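Notebook open. I want to look up two things here: what sits around a DNA strand, and how one helix is packed.

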2 protein chains.
Amino acid sequence: MDVKTLTLGVLCLGEASGYEIKKRFEDAFQHFFAAGFGSIYPALKKAEEEGLVTCTEVPQEGRPDKKVYRITAAGRAAFAAELAATSPEHKVRSEFLVLIYFAHLLPPARLAEVLEERQRGFEEMRRMVEGCDVECPEAGELTPALRFVAGYATAVFGAAIDYIDAHKGELVDAIKEGSSR
Amino acid sequence: MDVKTLTLGVLCLGEASGYEIKKRFEDAFQHFFAAGFGSIYPALKKAEEEGLVTCTEVPQEGRPDKKVYRITAAGRAAFAAELAATSPEHKVRSEFLVLIYFAHLLPPARLAEVLEERQRGFEEMRRMVEGCDVECPEAGELTPALRFVAGYATAVFGAAIDYIDAHKGELVDAIKEGSSR
DNA sequence: CAAAGCATGTAATCGGTTACATGATTGT
DNA sequence: ACAATCATGTAACCGATTACATGCTTTG
């Protein structure tokens, strides 16, 4: 699945500009599907060429015109078809775990930093996911699907945080001993 | 961090051929850093050109010669420097969570399949990570770092599996109701 | 006064995946 | 017989990141 497809997904939920889609990616998908302007704008352009979305330019003062995109029937169908065909992959690319795997080649002080930095990162992620719950009470109750995703993320980040917290001291001590010997 | 760098890391642990490095990636890094032949072989070639590894061709019968790579002092230094400079990122790209997020656009039967498929995937991963413990008793005790990585993965996969198991019925039921209404 | 937010885009580059190309041996 | 394992590589392609380019408004 590429950025163009998920962009279609966002537009299924309502019209939006490229900038707004980027924000959606940040506060809803960030923890499982990141994307920057450099992939969103070209994706929107291509989707428009293919008739999957339409675009209305809204004049703005002191800014470039806002381009509001709306999904078409063809776009909706394309997104549904893509969803039906994608298998539930789940890939992780973790420099953090590489660093731990080769901890013996890291200065012990740096190792401790690495562990705390990642722990803070996970804590921030968890806060954000839980915040999602609180942020949108106006839209009525969270749908079951959204609750599932948020609950999943909370559980997984929680497990990661707890594990790091419970074992970091032990690891750092062992590496310190190893490097002084 | 790219494949070339992690390849250097593997060679820090002992000499190996491209094929053997690929196996290492599969049974040690798979859950946090995947790589295929198409990135490993060119990485090795480039590392050799840069003097980070040396290569000895070992004649084989009925197969292409085996090319055994060994890391050089420069290679070791380059790897250590790279490690010291990399920040502990941790990125997830999950088609699975996208599928759940848009569960309302999926046939309920497919949703149930998706949940079970991913659960099985995580269970397999967890088994593999735990197996790591059992597979290499000859190399003496697992180092603290290796234990940390295995323990982390076990905890996180466990949390994911438990969460899916506890909430999949609820989700599927809710989506079924939504689509019949 | 500086930083963050609003708003759009392009081009170069980079890294990785996939498919192709070859072929013997061993296990089911 | 067929699949898997051993063993190496290349080339085309694809998608994403990064840097560049511009510039006003709001908030701290």
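How far does a polar side-chain atom of B:Y41 lie from a phosphate oxygen of DNA strand D? I get 3.0 Å. This is a predicted model, where local features need pLDDT of at least 70, side-chain atom pairs count only at pLDDT 80 or more, and totals for chains, interfaces and linings use all residues. Side-chain values use heavy atoms, without hydrogens and water, residues are numbered from 1 along each chain as its sequence is written, and chains are lettered from A and ligands numbered from 1 in the order in which they are written.

Strand D, continued. An N or O atom in the B:Q60 side chain is 2.8 Å from a phosphate oxygen of the strand; for B:K67 I read 2.3 Å. I find 21 residues surrounding DNA strand D, near being a heavy atom within 4 Å. They divide into five nonpolar, seven polar and nine charged (Ala, Val, Leu, Ile, Met, Phe, Trp, Tyr, Cys and Pro are nonpolar; Asp, Glu, Lys and Arg charged; the others, Gly among them, polar). Of the strand atoms within 4 Å of the protein, 70% belong to sugar or phosphate.

Next, α3 (37-49) of chain A, one of the elements supplying at least two residues of that surface; helices are DSSP runs of H or I, at least four residues. I see A:I40, A:A43, A:L44 and A:A47 buried (under 20% relative accessible area, 1.4 Å probe, protein chains only). They cover an arc of only 100° around the axis, so they share one side of α3(A), the arc being taken over directions from helix axis to C-beta atoms. Just after α3(A), A:G51 has a positive phi of about 75°.

Key
A polar contact is a pair of N or O atoms within 3.5 Å; within protein, one must be able to donate a hydrogen and the other to accept it, and residues adjacent in sequence count only if both atoms are side-chain atoms. Buried means under 20% relative accessible area, exposed over 50%, partly exposed in between (1.4 Å probe, protein chains only).
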